[in-house]
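Work through the exercises below with the model open. Try each task before reading its solution.

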Amino acid sequence: AASAELLDLGHGAERTGGDGSGEGEDSGSAEAPLAADAAKPEEGTLARWCQRPDGSVEIVHRFALKQVEWHARGDYFSTVAPTGNTQAVLVHQLSKRSTQNPFKKNRGRVSRVAFHPSKPFFFVATQNHVRVYNLAKQALAKKLVGGSGSITCLSVHPSGDHVIVGAEDKRLAWYDLDLSTKPYKALRYHNYAVRGCAFHRTYPLFASSSDDATVHVFHGTVYADLMSNPLIVPVKVLRGHDIVDYAGVLDVAFHPTQPWVFSAGADGTICLFYNL
């Protein structure tokens with residue numbers, strides 16, 4: 001089924017139309033008028049869609065956001081507001097200017113989410129677990145067991161069969177979803193909490209960032225043969241940030257086609273490392 005149909009199913013999903021009224025799909029159509037101002041959404045509404053003078057669209061939430069994650073097809077994206085309680089995770093559809101709340105209950109404080117690149121799976125990380133929901137079946141498909149530290153980040157491999165998860169215990173855990181709900185391998189190369197992690201879309205690379213102000217780049221080969229385990233090899237340690245108030249590199253991201261990596265630091269700078 002199409003991704004639009006899958007996300008509309010949700011888990012007892014609430015919907016907010018383009019005018020923030022809480023109406024169904026009719027009020028969230030592409031032709032629906034947007035709100036005239038960016039005032040905080042009214043009680044009971046999920047988000048307010050606002051038209052800005054420059055022609056762009058602004059979505060005002062009721063709680064402070066910590067993450068924005070796009071679906072591979074580009075029409076849907078999810079936002080995470082850890083203090084939002086039952087509205088911590090929202091899914092927005094750009095073409096219809098509508099907002100959904102796919103979960104009426106969140107089991108724990110949500111820290112990160114991710115979409116599966118090709119299947120109707122949605123990954124939700126709380127402090128100690130990563131829950132994998134099947135949106136088509138409206139059911140929990142799998143629960144990945146975390147380590148001793150609170151989970152801070154996750155990234156899904158382009159194949160969709162592997163996940164890396166970073167935590168405050170300084171570890172980056174690699175999960176093979178076809179193998180176990182426990183980590184296939186736990187990598188401990190950082191001296192402080194892991195804050196960000198990412199897979200490259202086309203190269204066999206992945207990276208992690210930490211409060212130790214470093215970015216570690218790894219070579220991770222995934223084989224088509226299910227009997228062969230992934231090959232993980234450390235490649236480089238990248239430095240370019242300063243530690244500010246005990247915080248280092250807050251996030252890391254790869255260029256979609258080039259072997260380049262971007263890092264965002266607590267020192268207020270974004271670094272680009274190329275020719276990895």
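Trp70 lies in strand β4, residues 67-70 (strands are DSSP E runs of at least two residues, numbered from the N terminus). The model is predicted: local features need pLDDT of at least 70, side-chain atom pairs count only at 80 or more, and totals for chains, interfaces and linings use all residues. Residues are numbered from 1 along each chain as its sequence is written, and side-chain values use heavy atoms, without hydrogens or water.

**Exercise 1.** Classify Trp70 by accessibility and find its surface patch.

*Solution.* Step one: Trp70 has 46% relative accessibility, so it counts as partly exposed (buried is under 20%, exposed over 50%, with a 1.4 Å probe and protein chains only). Step two: Trp70 joins Leu65, Val68 and Leu94 in a nonpolar patch of about 370 Å² (patch residues have over 30% relative accessible area and no salt bridge; nonpolar side chains are joined within 5 Å).

**Exercise 2.** Lay out the sheet that contains β8 and find its edges.

*Solution.* Step one: the order is β8-β9-β10-β11, open and antiparallel (pairing takes at least two DSSP bridges). Step two: β8 (112-115) and β11 (139-145) are the edges; each has a single partner strand, so one side of each lacks a neighbour in the sheet. Step three: neighbouring strands are turned by 20° on average, direction ignored. Step four: 6 bridges join β10 (residues 129-134) to β11. His129 faces Val145 of β11.

**Exercise 3.** Which strand gives the most to the largest nonpolar core?

*Solution.* Step one: the core has 14 residues; Phe123, Val130, Leu154, Val163, Val165 and Tyr175 touch the most other members (core residues are buried and nonpolar, joined through side-chain atoms within 4.5 Å). Step two: β9, β10, β12, β13 and β14 each supply at least two. Step three: β12 gives the most, 3 residues.

Methods. Patches are made of residues with over 30% relative accessible area and no salt bridge: like charges are joined within 9 Å, nonpolar side chains (Val, Leu, Ile, Met, Phe, Trp, Tyr) within 5 Å. Accessible areas come from the Shrake-Rupley method with a 1.4 Å probe; for residues, only the protein chains shown count as cover. A salt bridge is a side-chain nitrogen of Lys or Arg within 4 Å of a carboxyl oxygen of Asp or Glu. Helices (H or I, at least four residues) and strands (E, at least two) are DSSP runs, numbered from the N terminus. Axes are lines fitted to C-alpha atoms, for helices over the stretch in contact, and angles run from 0 to 180 degrees between N-to-C directions.
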